[in-house]
Amino acid sequence: MAISPELYNDVKYCQLCGKPMSVITDREGKTRSRCTACGWTKYLNPIPAAACLIVNDEGKIVVIKRKYEPNPGEWALPSGYIELDQTAEEAAIAEMQEETGLDGEIVQFIDYYMGYSPIYYRVLSMGFQMRIAGGELQAGDDASEARYVSLDELPPICFDSHRHFIKKYQEQLEKSGDSLK
Ligand SMILES: [Zn+2]
């Protein structure tokens, strides 16, 4: 898939020297935006995110109602972008704490998913199954509501990536009985 030059339309000026940028094809044939004066190059890459599939002792999972864009008012798993100083696992634990009030531990990496974003074009999401190590469930930060639901009573989940992680988890459960709880 070639990257459309229009994706660089917002990159008008160099972040280092302020001179105009121009879209070029680099040595590898890839489309980039490069400064016409100092040569600084803007790379567009997928943005990494972490999502939490939190399973409690009864096998119910935590869903949150989103407060902000994208998809406000819709249900999702707790999730967020990975900060520069975090591993994917640390990001998952931090998002779980911020959005649900629950302390979390990683049970397993479920899968990754290459999704689309209206802001970042592509998002590389990593899904983790989490166990609850403490705390009380409450909606925090960017959630207006947080609740436990059983897998057969899930509300519509707004992100492809989150639906993918839930489906993968369900497939694992079916294969292994209840041992993943
Ligand atoms: Zn420059």
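## Exercises on a predicted model

L102 stands opposite G135 in β9. The model is predicted. Work through the exercises with the structure open.

**Exercise 1.** Find how β8 and β9 pair, and over how many bridges.

*Solution.* Start from the pair L102 and G135, the latter in β9. Next, take the bounds: β8 spans 102–117 and β9 spans 121–135. Then follow the pairing, which is antiparallel over 14 bridges. Finally, look at the link: a hairpin of 3 residues joins β8 to β9.

**Exercise 2.** Give the strand order of the open sheet with 3 strands, and the sense of its pairing. Which are its edge strands?

*Solution.* Read the order as β1-β2-β3, with antiparallel pairing. Now check the sides. β1 (21–25) and β3 (41–42) each pair on one side only, which makes them the edge strands. Then zoom in on β2, residues 31–35: 2 bridges join this strand to β3, and the two run antiparallel. One pair to locate is R34 opposite T41 in β3.

**Exercise 3.** Is K30 buried or exposed?

*Solution.* Locate the residue first: K30 sits in the loop between β1 and β2. Count the other C-beta atoms within 10 Å of its own; there are 11. The cut-off for exposed is 12 or fewer. K30 is therefore exposed, since its count is 11. As a further step, take the C-alpha distance from K30 to I3. The two are 27 residues apart in sequence and 7.6 Å apart in space.

**Exercise 4.** What are the bounds of the two domains, domain 1 and domain 2, and what distance separates their centres?

*Solution.* The domain assignment gives 5–42 for domain 1 and 47–176 for domain 2. Take each centre over C-alpha atoms; 35 Å separate the two.

**Exercise 5.** Describe the largest nonpolar core. Which element gives the largest share of this core?

*Solution.* Begin with the size: the largest nonpolar core has 30 residues. Those with the most contacts inside it are A50, C52, L53, I54, A92 and F128. Then list the elements that give two or more residues: β4 (47–55), β5 (61–66), β6 (75–76), α1 (88–100), β8 (102–117), β9 (121–135) and α2 (160–176). The largest share is that of β4, with 7 residues.

**Exercise 6.** Which residues does C52 touch, not counting those up to four places away in sequence?

*Solution.* Apply the contact cut-off, C-beta atoms within 7 Å. Leave out the sequence neighbours up to four places away. C52 then touches L77, P78, S79, A92, E95, M96, G104, F128 and M130. Compare this with the core: A92 and F128 also appear among the residues with the most contacts inside it.

Methods:
Residues are numbered from 1 along each chain as its sequence is written. This is a predicted model: local features need pLDDT of at least 70, side-chain atom pairs count only at pLDDT 80 or more; totals for chains, interfaces and linings use all residues. Two strands pair if DSSP finds at least two bridges between them. Helices (H or I, at least four residues) and strands (E, at least two) are DSSP runs, numbered from the N terminus. Domain bounds come from an automatic or database domain assignment. A nonpolar core is a set of buried Ala, Val, Leu, Ile, Met, Phe, Trp, Tyr and Cys residues joined through C-beta atoms within 7 Å. A residue is buried if 20 or more other C-beta atoms lie within 10 Å of its own, exposed if 12 or fewer, and partly exposed in between; C-beta atoms are placed from the backbone. Two residues are in contact if their C-beta atoms, placed from the backbone, lie within 7 Å.
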